[in-house]
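Let's take a walk through this fold, starting from a small enclosed space and working outwards. Keep the viewer open as you read.

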Amino acid sequence: MSSAAPPSYELLPGADDSPVILHVPHSARDVPGDVRAGIVLDDEALERELDHITDAHTARIAAETAGLSVATPWRFVNRLSRLVVDPERFPDEREEMLAVGMGAVYTRTTHRGALRPEGFDPEPLIERYFRPYARAMTEAVADRLAATGRAVIIDVHSYPTARLPYELHGEGPRPPVCLGTDSFHTPPELLTAAREAFARCGETGLDSPFGGAYVPLKYYGSEPRVSALMVEIRRDTYMTEPGGPAGPGLHRLATALADLVDAVPH
């Protein structure tokens, strides 16, 4: 009798009174064998694509942040590559990245080459990975709402120094730290706290080259007690690009992120 596959995500507990969830959706490189079989790239090209598409070391940034924070934030970490599914995309036609083959299941690469064959059906991957992830993240937010009366989702991402061909809005500024906001879910005081926390890391920008902030669909646009902010860190500030080792900048960024976590009232 075969056992069920382990979840593709992990919820790492924080302090009971912390409303903060550090969400790390794009840090992993793992692609299960049966999913790999549906990708048309050879092994060398796949490794190169993973170098470009992975937000390398962001799970480590979040882990260091948790250790530095006065009240430990919760961490929701994707353990599979975003080449399996991207949990932050809309799973339907609302997703603008479908225009470049990067909806919930990618069919094109960062350089707009083929990733999966023409006519690939994304539904099995959405059912197997996307929906369970979304349900679990929704439950994590519900748990923080029940425990503290609110939830604060801080998305931990990184982005390349040079624009990649898949980027739809890459012509704007590429600051050391880009803060992605949502008009409903990002309160001014959270944004102000983020600007102050990351001042030590250089200039912070707003919604360029990436904008928005992740909120589970159950709460999106309807639950004001759920706040959200995306933190996009330019990769040259903490690692060797693409896909190389982390450098001393990582600790500085984790310290800044911990300052932001501690600025959220508990």
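## A small cavity and what surrounds it

Ser 8, Asn 78, Leu 80, Ser 81, Val 84, Val 85, Tyr 129 and Tyr 133 line the largest cavity. Bear in mind that you're looking at a predicted model. Rolling a probe the size of a water molecule over the atoms shows where empty space is left. Here that exercise turns up 1 cavity of 30 Å³ or more, and the volume of the largest cavity is about 40 Å³. What kind of residues make up the lining of the largest cavity? There are 5 nonpolar and 3 polar residues in that lining, and no charged ones.

One of those lining residues, Asn 78, is a good way into the sheet. In the pairing of strands, Asn 78 belongs to strand 3 and has Tyr 9 standing opposite. Strand 1 and strand 3 run antiparallel to each other, with 4 bridges between them. On the other hand, strand 2 (residues 20–24) pairs with strand 3 (residues 74–78) in the parallel sense, also over 4 bridges. If you want a spot to check that pairing, take Ile 21, whose bridge partner in strand 3 is Trp 74.

How covered is strand 3? Of its 5 residues, 5 are buried. In a regular strand the side chains alternate between the two faces of the sheet. For strand 3, that puts Trp 74, Phe 76 and Asn 78 on one side and Arg 75 and Val 77 on the other, and both sets are buried.

Now zoom out to the whole sheet. It's an open one, built from 7 strands in the order 1-3-2-4-7-5-6, with mixed pairing. Strand 1 (9–12) and strand 6 (204–206) sit at the edges, and each has a single partner strand, so one side of each lacks a neighbour in the sheet. From one strand to the next, the twist averages 20 degrees. Helix 6 (residues 249–263) packs on this sheet and touches strand 2, strand 4 (151–159), strand 5 (177–180) and strand 7 (226–234). The direction of helix 6 makes about 160 degrees with that of strand 4.

Strand 7 deserves a closer look. Is it buried or exposed? Strand 7 has 9 of its 9 residues buried, so the rest of the structure largely encloses it. Val 226, Ala 228, Met 230, Glu 232 and Arg 234 point one way, while Ser 227, Leu 229, Val 231 and Ile 233 point the other way. Glu 232 and Arg 234 are thus listed among the buried residues of strand 7.

The two partners of strand 7 can be taken in turn. With strand 4, the pairing is parallel and covers 9 bridges; there, Val 152 stands opposite Ser 227. With strand 5, the pairing is antiparallel and covers 4 bridges. Glu 232 in strand 7 turns up again here, standing opposite Cys 178.

From the enclosed cavity, let's move to open space. The largest pocket holds about 910 Å³. Its lining takes in 41 residues, and those nearest the centre are Glu 88, Arg 89, Phe 90, Glu 95 and Gly 211. Helix 4, strand 4 and strand 7 are the elements that each give two or more residues to this lining, and helix 4 has the largest share, with 5 residues. What's the chemical mix of the pocket lining? It divides into 19 nonpolar, 7 polar and 15 charged residues.

Finally, two residues from a loop make a nice contrast. Glu 93 lies in the loop between strand 3 and helix 4, and so does Thr 109, with helix 4 spanning 123–148. Which of the labels, buried or exposed, fits Glu 93? Glu 93 has 68% relative accessibility, so it counts as exposed, since the cut-off for exposed is over 50%. Thr 109 has 6% relative accessibility, so it counts as buried, the cut-off for that being under 20%. Setting aside neighbours within four places in sequence, the contacts of Thr 109 are Leu 41, Glu 49, Met 102, Ala 114, Leu 115 and Tyr 166. As for Glu 93, its C-alpha atom is separated by 24 Å from that of Ser 8, 85 residues apart along the chain. That brings us back to Ser 8, one of the residues lining the largest cavity.

Conventions: Residues are numbered from 1 along each chain as its sequence is written. This is a predicted model: local features need pLDDT of at least 70, side-chain atom pairs count only at pLDDT 80 or more; totals for chains, interfaces and linings use all residues. Side-chain values use heavy atoms; hydrogens and water are left out. Two strands pair if DSSP finds at least two bridges between them. Axes are lines fitted to C-alpha atoms, for helices over the stretch in contact, and angles run from 0 to 180 degrees between N-to-C directions. Contact means heavy atoms within 4.5 Å. On a 1 Å grid over the protein atoms alone, a cavity is a set of points where a 1.4 Å probe fits but cannot get out, and a pocket is an open set with protein on both sides within 12 Å along at least five of seven lines; lining residues have an atom within 4 Å of a point. Grid points are joined across faces, edges and corners, and a volume is the space filled by probe spheres set on the points. Ala, Val, Leu, Ile, Met, Phe, Trp, Tyr, Cys and Pro count as nonpolar, Asp, Glu, Lys and Arg as charged, and the others, Gly among them, as polar. Buried means under 20% relative accessible area, exposed over 50%, partly exposed in between (1.4 Å probe, protein chains only).
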